[in-house]
Amino acid sequence: MAGGKAKGKPNIKVISRNRVAHHNYFIDETYEAGIELTGAEVKSLRDRAAQITDTFVLIRGGEVWLNGMHIHPYVNGGVWNPDPDRRRKLLLHRRQIDYLEQKLRTKGAAIVPLQMYFDEHNRVKLTIALAHGKKLYDKRADMAARDSDREIRRALKERSRY
C-alpha cells in the first residue's frame, strides 16, 4: 500500500513505510521531521523510489542525522545525482532534539523512522518514533495475539455466513 494515502491524514502521499519497526520496537512517541534533500532526490521520491527499512537515526553535535536510507538515483539526474546512501539531516525543533537526546541515554532506547511521505504542501516529511526494543518473547506474544485475532475473525465470518 505504499502508493495510497495514509489513514490519519487526508492529503498525504506515502512514499515508503518501515513495517519492520512495529515488529522490532515498542513505539513510545512519534514526531514529524523534515529532511534536507537535493532536487534530484525529490524527483526520484516522486516515483516512490526509496527504502527506509534498515535506517536508523543518530544525534551528533546537536543535529539529527538519518543513516542508511537509500533513495534510488533519479533517471534523468546525470551528474547531479548524489550518493544514494548518504547521511541526510533531519529538521526538528531545538527542544525536540534536546528532549530526544536526553531520552536516548536510557538503555534500549532508539529513534526509528516509521514512514516517509509528501505532506499537503508537497514537502517530504519523515515520521520518526522514540522506541525501545522488543525481546524475542515479546515478538512471539505479538505474533500469537495476531494469529488468535485472525482465527477469531475467521470463525465469526464463517458463523455469519449461515
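Good morning. A search of the whole structure, which is a predicted model, finds zero aromatic pairs. Aromatic rings do nevertheless take part in another kind of arrangement, with charged side chains. R87 lies over the face of W65, 4.3 Å from the ring centre. K134 is placed over the face of F26, and here the distance to the ring centre is 5.2 Å.

Let me turn to the nonpolar interior. The largest nonpolar core comprises 24 residues, and those with the most contacts inside it are L45, L90, L100, M116, L126 and I128. At least two residues of this core come from each of β2 (25–35), β4, β5 (63–67), α3 (94–103), β8 (109–118) and β9 (124–133). The greatest contribution is that of β9, which gives four residues. Apart from this core lies another, of five residues, with V112, L114, A129 and A131 among them.

M116 deserves a closer look, as one of the residues with the most contacts inside the largest core. Neighbours within four places in sequence left aside, M116 is in contact with V14, I15, S16, I35, L45, A50, I52, M69, V124, K125 and L126. Two of the partners in that list, L45 and L126, are themselves named among the residues with the most contacts inside the core.

Next, the strand pairing. Which strands does β2 run antiparallel to? One is β9, joined to β2 by nine bridges. Another is β7, residues 88–91, joined to β2 by two bridges. G34 has a bridge partner in each of these strands: K125 in β9 and L91 in β7.

I now come to two buried polar residues, beginning with S44. This serine lies in helix α2, residues 39–46. Is S44 buried or exposed? Its relative accessibility is 3%, and therefore S44 counts as buried, the limit being under 20%. Beyond neighbours within four places in sequence, S44 is in contact with A49, I71, H72, P73 and Y74.

The second is T55, located in the loop between β3 (50–51) and β4 (56–60). With a relative accessible area of 7%, T55 is buried as well. What does the side chain of T55 reach? It reaches the backbone oxygen of I52, at 2.8 Å. Outside its neighbours within four places in sequence, T55 is in contact with L66, N67, G68, M69 and P113. The pair T55 and P113 is separated by 58 residues in sequence, while the C-alpha to C-alpha distance is 7.0 Å.

Finally, some remarks on backbone geometry. R48, although not a glycine, has a positive phi of about 60 degrees. R48 belongs to the loop between α2 and β3. Its relative accessibility of 31% is why R48 counts as partly exposed. N122 is likewise a residue other than glycine with a positive phi, near 60 degrees. N122 is found in the loop between β8 and β9. At 40% relative accessibility, N122 counts as partly exposed.

To summarise, the search gave zero aromatic pairs, while R87 lies over the face of W65 and K134 over the face of F26. The largest nonpolar core has 24 residues, and β9 gives the most to it. That strand is also joined to β2 by nine bridges. Thank you for your attention.

Technical notes. Residues are numbered from 1 along each chain as its sequence is written. This is a predicted model: local features need pLDDT of at least 70, side-chain atom pairs count only at pLDDT 80 or more; totals for chains, interfaces and linings use all residues. Side-chain values use heavy atoms; hydrogens and water are left out. Rings of Phe, Tyr and Trp (its six-membered ring) pair if their centres lie within 6.5 Å; planes under 30 degrees apart count as stacked, over 60 as edge-to-face and the rest as tilted. A charge sits over a ring if NZ of Lys or CZ of Arg is within 6 Å of the ring centre and within 35 degrees of the ring normal. Buried means under 20% relative accessible area, exposed over 50%, partly exposed in between (1.4 Å probe, protein chains only). Contact means heavy atoms within 4.5 Å. A polar contact is a pair of N or O atoms within 3.5 Å; within protein, one must be able to donate a hydrogen and the other to accept it, and residues adjacent in sequence count only if both atoms are side-chain atoms. A nonpolar core is a set of buried Ala, Val, Leu, Ile, Met, Phe, Trp, Tyr and Cys residues joined through side-chain atoms within 4.5 Å. Two strands pair if DSSP finds at least two bridges between them.
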